[in-house]
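Here is a friendly walk through the packing of one protein chain. Have your viewer open and follow along as the residues come up.

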Amino acid sequence: QVQLVESGGGLVQAGGSLRLSCAASAGTLSRYAMGWFRQAPGKEREFVAGISWYGITTYGNSVKGRFTISKDNAKNMVDLQMDSLKPEDTAVYYCAADMGKFSPSVVPATRYAYDYWGQGTQVTVSS
C-alpha cells in the first residue's frame, strides 16, 4: 500500500506562484508514473501534469507553459511548480501514482489509470 501526502497549497494572488509537493510513503517513485490532477467545485477531476518512470512529462492544455512537474526518486517526492497562476486554477489538487502498469515512457492522462491518490491540497488564486 502506497500513501501519498500533498503539501504546499494555499492562497495566492493572480500572477503568483506556488509549489506543491507529494511525498510517497513506500515503494519507489522511479518505478511509478505520477500525476497531478485538480478538481474545482461542480467540475470533473482534470489532468494537470504527469511524469513517467523515465521522467517524460506531459501537461494539460490549460497549464502548458506555466506549470512544471518534477520528481526526486531518492526522496520519493514529486513536485508541481505553478507559475503565472490564474483564478481559474483554483481547485483541490491531488497527487496520484500508477503502480507500473504502463511502459516507462508512458504518462497516463486519465484518472482511471492511477491506483493511489493523496487526500488533496487546496489552491486558491484570488483576482
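What follows is a short report on a predicted model, covering its cores, rings, disulfide and backbone.

## The largest core

A good place to begin is the largest nonpolar core, which has 30 residues. Within this core, the members that touch the most others are L4, M34, W36, L80, M82 and Y93. Seven strands each supply at least two of its residues: β3 (18–24), β4 (33–39), β5 (46–51), β7 (67–72), β8 (77–82), β9 (91–98) and β11 (121–126).

Y93 is worth selecting on its own. Leaving aside residues up to four places away in sequence, Y93 touches E6, L20, W36, F37, R38, V48, F67, L80, M82, G120, T121 and V123. Apart from the largest core lies another core, this one of 5 residues, with F37, F47, A96 and Y114 among them.

## A cluster of rings

If you like aromatic geometry, this part is for you: the whole structure contains 4 aromatic pairs. One of them joins F37 and Y114 edge-to-face, with 5.4 Å centre to centre and 80° between the planes. These two rings come from distant parts of the chain, since F37 belongs to strand β4 and Y114 to the loop between β9 and β10 (116–117), 77 residues apart. Y114 also forms an edge-to-face pair with W117, where the centres are 6.3 Å apart and the planes differ by 65°. Taken together, ring pairs link F37, F47, Y114 and W117 into a cluster.

Why do F37 and Y114 count as buried, while W117 is partly exposed? The cut-off for buried is under 20% relative accessible area. F37 has 1% relative accessibility, so it counts as buried, and Y114 counts as buried because its value is 6%. W117, in contrast, has a relative accessible area of 26% and is therefore partly exposed.

An arginine joins the picture too. R45 sits over the face of Y94, 3.8 Å from the ring centre. R45 also lies over the face of W117, at 4.9 Å from that ring's centre.

## The first strand and the disulfide

Strand β1 (residues 4–7) shows a neat alternation: L4 and E6 point to one face and are buried, whereas V5 and S7 point to the other and are not. β1 pairs with β3 in the antiparallel sense, over 4 bridges. Within β3, C22 is the residue that stands opposite E6.

C22 leads straight to the structure's 1 disulfide. Its partner is C95, and the two sulfur atoms are 2.0 Å apart. The torsion about the S-S bond of C22 and C95 is about -75°, so this disulfide is left-handed. The bond links distant parts of the chain, with C22 in strand β3 and C95 in strand β9, 73 residues apart. Both cysteines, C22 and C95, are buried.

## Positive phi values

Two residues deserve a look on your Ramachandran plot. N76 is not a glycine, yet its phi is positive, at about 55°. You will find N76 in the loop between β7 and β8. With 12% relative accessibility, N76 counts as buried.

S84 is a residue other than glycine with a positive phi, near 50°. S84 belongs to the loop between β8 and β9. Its relative accessibility is 41%, so S84 counts as partly exposed.

Technical notes. Residues are numbered from 1 along each chain as its sequence is written. This is a predicted model: local features need pLDDT of at least 70, side-chain atom pairs count only at pLDDT 80 or more; totals for chains, interfaces and linings use all residues. Side-chain values use heavy atoms; hydrogens and water are left out. A nonpolar core is a set of buried Ala, Val, Leu, Ile, Met, Phe, Trp, Tyr and Cys residues joined through side-chain atoms within 4.5 Å. Buried means under 20% relative accessible area, exposed over 50%, partly exposed in between (1.4 Å probe, protein chains only). Contact means heavy atoms within 4.5 Å. Rings of Phe, Tyr and Trp (its six-membered ring) pair if their centres lie within 6.5 Å; planes under 30 degrees apart count as stacked, over 60 as edge-to-face and the rest as tilted. A charge sits over a ring if NZ of Lys or CZ of Arg is within 6 Å of the ring centre and within 35 degrees of the ring normal. Two strands pair if DSSP finds at least two bridges between them. A disulfide is a pair of cysteine sulfur atoms within 2.5 Å.
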